[in-house]
Amino acid sequence: ILVAEGTAPLSAAQIESLAELGKSLAAAAPHPIISADKHAALLQVPITRSPDPGTTRHQVESLRKQIAANPIPGLTIKVTGGPAFGADLSASFSGANLKLLLATIAVVAMLLILTYRSPVLWLIPLTIVGLADQVTAVVTRQLAQTFSLHFDAGIVSVLVFGAGTNYAILLISRYREELAVESNHRIALRQAWRASLTPIATSNLTIVLALSTLTVASLPQTRDLGVASAVGLVIALIAVIAVLPSALALCGPRVFWPRLPKPNQPVGLTERSWSRFAGSILRRPGLALVSGLVILTVMASTLTTLQVGLSKADSFRVPSESSRGLEMIATHFPAGLVEPMDVIAPSSQAVALVRSLNETPNIAQSTMVSSHDGIDHWSVASNQAPGTKGADHVVTQLREQLESNGIKASVGGVMAQQTDIGHAAMADFWMVAPMVLLLSLVMLMILLRSLAAPAALVAINALSAAAAIGGGAVLSKLIFGVPAVDSQLPLLAFIFLVALGIDYSIFLSHRIKQESHGHSVKSGAIRGLATTGTVITSAGLVLAGVFLALGTLPLMILGQLGIIVALGVLVDTLVVRTIMVPALLVVLGERAWRTGQIIAAEEQRVELPV
């Protein structure tokens, strides 16, 4: 669609020039459509649809060059419409994945240097996770070609870097702990590997299973993303538990230079600070738990104002000619004219169809495009921008109106497709979200061999995810100036927030349970938080920084996803894991591990044959 806009009402000469342009471009109707205010005009130029985005991009670019070579004085002409949006999207992603990779590496490197304060150590996990990302790219590319998968490789890369770095931080931190009590670095590494394997593997399995639930989604791109992400995280796990220990064994304790850990070294200032913080929080664990719940509830309450459904103009985070053209059309024409609905109905019901169109609110204009073999094809434009809630209402109302009048018609087109995608995304959310929570509960029950603690932890995790989606949507609105979020965002954000957030619950609760052996739960919680506080905080900052790197990509949904997940990870790290989880376990007391104790007692009673 070519849209021409003038600062004054279009003159006869300008209209004639547009008609000549339409003839030269083989427009569907060479004479331009003039807006009611006479300040703009439209030309529809058909192009040959191609499955290759590069071909469409070339066609659109050629069209724009031809227009630029034949300017019309006093008019601004933009090329917009479905093919133009696809071409602009393809152009905006040119080199974007490389920028994302470089931004991700820079964020991870900076945070690892701050975490380890070593000029050497950060290179080892970064190199190994980077290699895992490259292997993932090769494997998922082959899967995409073999099974015709379509997914965003940038999201997969971010997940591999984020999760892989988290696993590496946990293993290296435990290795450093063991070096403080064991002089033989290989024995210390072996002990650290054994102690870290269960929480790391459980965390990875939980995320992989959570992402695998996306395969039951109705939207193909969502299903494909789940498969590719799960494959990437399995590769990240293999790299961390198989390759990283070998690299650490070869390098030895020298990688921690200049702060080399030594046996019988006094407790560091950082661990003492975390111990004091844990003690102060757990003096009144009930108050700490309730305070955290209040914070999360207030943030989650913003979900009541959440608007779902991005217009095409808002779907780009960076300016594009197609977005500008759509804004020009919305200013002078019915907003839905850029992507009209296609209504297919029997010719015998044409009169009833026209009556239904007249009775449906927000229908701006309708035109019969063709009639063949007793079937009519109508083009119906609304006054609502495609992709918005208003457009969804128009599609739904039109379908209901046609059905109530007994007309056997189908309503399609891009605008109707977007409505169906939005409905499918919400249906997928309500189907997949309970499955993810149930999987998280089962994995925590297996790890902790308990019922009470896992149930409470999953409930808090779900509330934390809701708080992040609500608060993140408000934050993205302030940053990007866009009032709504993409229809597929809630499901993706919830999956990532729950699956990644449960990581920290697994790491911390598993350590607190270990430290509680022979001590009270409160003592175990203080010791557990003291030893893992720095690790979890560092891992959370790395993961949040990695997801913020999604903001370098041009699509609005990716920028919004990055902000929401980053906020959720920070809330998980700073509020849920450091305050609420220890307080919850102390409030539960021995009930947190009761099932595990009963099982252990039963196992001790079993007499094994000699």
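These exercises, each with a worked solution, concern a predicted model.

**Exercise 1. The sheet with β1 to β4**

Determine the strand order of the open sheet that contains β2, β3, β1 and β4, and find which strands stand at its edges.

Solution.
- Step 1. The order is β2-β3-β1-β4, and the pairing is antiparallel.
- Step 2. β2 (33-34) and β4 (75-79) each have a single partner strand, so they stand at the edges and one side of each lacks a neighbour in the sheet.
- Step 3. Two bridges pair β2 with β3 (residues 40-43) in the antiparallel sense, and I33 stands opposite L42 of β3.
- Step 4. Four bridges pair β1 with β3, again antiparallel; here E5 has A40 of β3 as its bridge partner.
- Step 5. The hairpin of β2 and β3 has five residues between the strands, and K38 in this hairpin takes a positive phi near 65°.

**Exercise 2. The two faces of β3**

Assign the residues of β3 to the two sides of the strand and state whether they are buried or exposed.

Solution.
- Step 1. In a regular strand, side chains alternate between the two faces of the sheet.
- Step 2. In β3, A40 and L42 lie on one side, with A41 and L43 on the other.
- Step 3. The cut-off for buried is under 20% relative accessible area. A40, A41, L42 and L43 are all buried, and both faces of β3 are covered.

**Exercise 3. Helices on the first sheet**

Identify which strands helices α2 and α11 lie against, and give each direction relative to β4.

Solution.
- Step 1. Helix α2 (residues 53-69) lies across β1 (2-6) and β4, and runs at about 170° to β4.
- Step 2. Helix α11 (residues 321-332) packs on the sheet and touches β1, β3 and β4; the angle between its direction and that of β4 is about 120°.

**Exercise 4. The sheet with β5 to β8**

Describe the open sheet that contains β6, β7, β5 and β8, and the helix that lies across these strands.

Solution.
- Step 1. The four strands are ordered β6-β7-β5-β8 with antiparallel pairing.
- Step 2. β6 (363-372) and β8 (410-412) are the edge strands; each has a single partner, so one side of each is left without a neighbour in the sheet.
- Step 3. From one strand to the next, the twist averages 25°.
- Step 4. β5 (residues 341-346) and β7 (residues 375-382) run antiparallel and are joined by six bridges. I344 has H377 in β7 as its bridge partner.
- Step 5. Helix α13 (residues 389-404) lies across β5, β6, β7 and β8, at about 5° to β5.

**Exercise 5. The α4 and α5 pair**

Classify the relative direction of α4 and α5 from the angle at which their axes cross.

Solution.
- Step 1. The axes of α4 (residues 96-116) and α5 (residues 123-147) come within 10 Å and cross at roughly 155°.
- Step 2. Angles over 145 degrees count as roughly antiparallel, and α4 and α5 are therefore roughly antiparallel to each other.
- Step 3. Their crossing is right-handed.
- Step 4. L101, I105, V108, A109 and L112 of α4 make the contact with P125, L126, D133 and Q134 of α5.

**Exercise 6. Nonpolar cores**

Find which residues of the largest nonpolar core touch the most other members.

Solution.
- Step 1. The largest nonpolar core has 139 residues, of which L211, L244, F496, F547 and L561 touch the most other members.
- Step 2. Leaving out residues up to four places away in sequence, F496 touches I155, L159, L211, G501, F547, L561 and V565.
- Step 3. A second, separate core has 19 residues, including L18, L21, L43 and V60.

Technical notes: Residues numbered from 1 in each chain as written. Predicted model: local features only at pLDDT ≥ 70, side-chain atom pairs only at ≥ 80, totals over all residues. Heavy atoms only, no water. Pairing = 2+ DSSP bridges. Axes fitted to C-alpha atoms, helices over the stretch in contact; angles between N-to-C directions. Contact = heavy atoms within 4.5 Å. Buried < 20%, exposed > 50% of the residue type's maximum accessible area, 1.4 Å probe, protein only. Core = buried A, V, L, I, M, F, W, Y, C linked by side-chain atoms within 4.5 Å. Parallel < 35°, antiparallel > 145°, perpendicular 65-115°, else oblique. Left-handed = near helix turned anticlockwise from the far one by under 90°.
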